[in-house]
Amino acid sequence: MYTTVEGFIKDYQGEAATTQKLLDTLTDESLNQQVAPGYRTLGHLAWHLVHNDRGILHGAGLSFEAPSATDEPPVSAATIAQSYRATTEAILEAVRVQLTDAKLQENVNMFGQTWTISLTLYNYLKHEVHHRGQLTILMRQAGLAVTGAYGPAKQEWAYLGAPAPAY
């Protein structure tokens, strides 16, 4: 959890940059990829990382501009990637302006539980990382290259001059 606003900002900037790399790789054709019938498409999953309402940060009292959760995902991968970029900047600005280190210890009601705003920010990042993992699976199924988040992805080992680990 976070004791300073700056600590969250640094973590979020790093995680958002990793997510942005994946979203920038999406193609319009890949947006319809599903893990199985009846599950979110790659486009729906990517769009889920963009909208602002009914979300964790909204529940923490942050206000920022972003597309509505009720909007249908765009059919353009570039639009999703650009919307994420804009939403990330709006979130960072909201955090800088609307939060203080002391405010991080205030409680909010989140999903029927009492969380500090610090815990809420921590769980927001975990939520994004969770969905980013789902994105990489669907991207691989769609034939797209993925980038590593906390180490190299399989195809990135060659760039490091090393063979990919054998599995």
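**Entry 1: a surface patch**

A nonpolar patch, as I use the term here, joins nonpolar side chains within 5 Å, from residues with over 30% relative accessible area and no salt bridge. The model I am reading is predicted.

Which residues form a nonpolar patch on the surface? I found Val35, Tyr39 and Ile137. Together they have about 320 Å² of accessible area.

I then looked up Tyr39. This residue lies in the loop between helix 1 (5-25) and helix 2 (42-48). Is Tyr39 buried or exposed? Exposed means over 50% relative accessible area. Tyr39 has 55% relative accessibility, so I noted it as exposed.

**Entry 2: the whole chain**

I stepped back to the fold. The protein chain has 5 helices and 2 strands. Along the sequence, I read the pattern α-α-α-α-β-β-α.

Next I checked the overall dimensions. The C-alpha atoms fill a box of roughly 45 × 40 × 25 Å along the principal axes. The chain has 167 residues, and a compact globule of that length would have a radius of gyration near 15 Å. I noted 17 Å for the protein chain, which agrees.

How much of the chain counts as buried? I wrote down 42% of the 167 residues. The accessible surface of the protein chain comes to about 9000 Å². Carbon and sulfur atoms hold 54% of that surface.

I also looked up the contacts. I took those with a separation of 6 or more. Of these, 64% are between residues 24 or more positions apart.

**Entry 3: aromatic rings**

I looked for rings that pair. The structure holds 4 aromatic pairs. One of them joins Phe8 and Tyr12. Their centres are 5.6 Å apart, with 5 degrees between the planes. Planes under 30 degrees apart count as stacked, and this pair is stacked.

Where do Phe8 and Tyr12 lie? Both are in helix 1, 4 residues apart, which is about one turn of the helix. Phe8 has a relative accessible area of 0%, so I marked it as buried. Tyr12 is also at 0% relative accessibility and counts as buried.

Another pair is Phe111 with Trp115. Here the centres are 5.8 Å apart and the planes meet at 65 degrees. I logged this pair as edge-to-face. Its two partners differ in cover. Phe111 counts as exposed, at 62% relative accessibility. Trp115 is buried, with a relative accessible area of 11%.

I also noted one aromatic cluster. Tyr2, Phe8, Tyr12 and Tyr124 form it.

**Entry 4: salt bridges**

How many salt bridges does a search of the whole structure find? The count is 3.

I began with Glu15 and Arg132. Their side chains meet at 2.6 Å, N to O. Glu15 lies in helix 1, and Arg132 lies in helix 5 (residues 117-141). The pair therefore ties together parts that are 117 residues apart in sequence. Are these two residues buried or exposed? Buried means under 20% relative accessible area. Glu15 is at 15%, so it counts as buried. Arg132 is at 4%, so it is buried too.

I turned to Asp24 and Arg85. Their side chains meet in a salt bridge at 3.0 Å, N to O. This pair links distant parts of the chain. Asp24 is in helix 1 and Arg85 in helix 4 (residues 77-98), 61 residues apart. Asp24 counts as partly exposed, at 41% relative accessibility. Arg85 is partly exposed as well, at 33%.

I then looked up Glu106 and Lys103. They form a salt bridge at 3.2 Å, N to O. I have Glu106 as partly exposed, with a relative accessible area of 39%. Lys103 is partly exposed at 27%.

**Entry 5: a look at Thr79**

I finished on helix 4, where Thr79 is found. Thr79 has a relative accessible area of 36%, so I noted it as partly exposed. I checked its separation from Leu23. The two residues are 56 residues apart along the chain. Their C-alpha atoms are separated by 9.8 Å.

Terms used. Residues numbered from 1 in each chain as written. Predicted model: local features only at pLDDT ≥ 70, side-chain atom pairs only at ≥ 80, totals over all residues. Heavy atoms only, no water. Patch = residues over 30% accessible without salt bridge, like charges linked within 9 Å, V, L, I, M, F, W, Y side chains within 5 Å. Areas by Shrake-Rupley, 256 points an atom, 1.4 Å probe, with all protein chains shown as cover. Salt bridge = Lys/Arg side-chain N within 4 Å of Asp/Glu carboxyl O. Buried < 20%, exposed > 50% of the residue type's maximum accessible area, 1.4 Å probe, protein only. Rg over C-alpha atoms; globule rule 2.2 N^0.38 Å. Contact = heavy atoms within 4.5 Å. Phe/Tyr/Trp six-rings, centres within 6.5 Å; stacked < 30°, edge-to-face > 60°.
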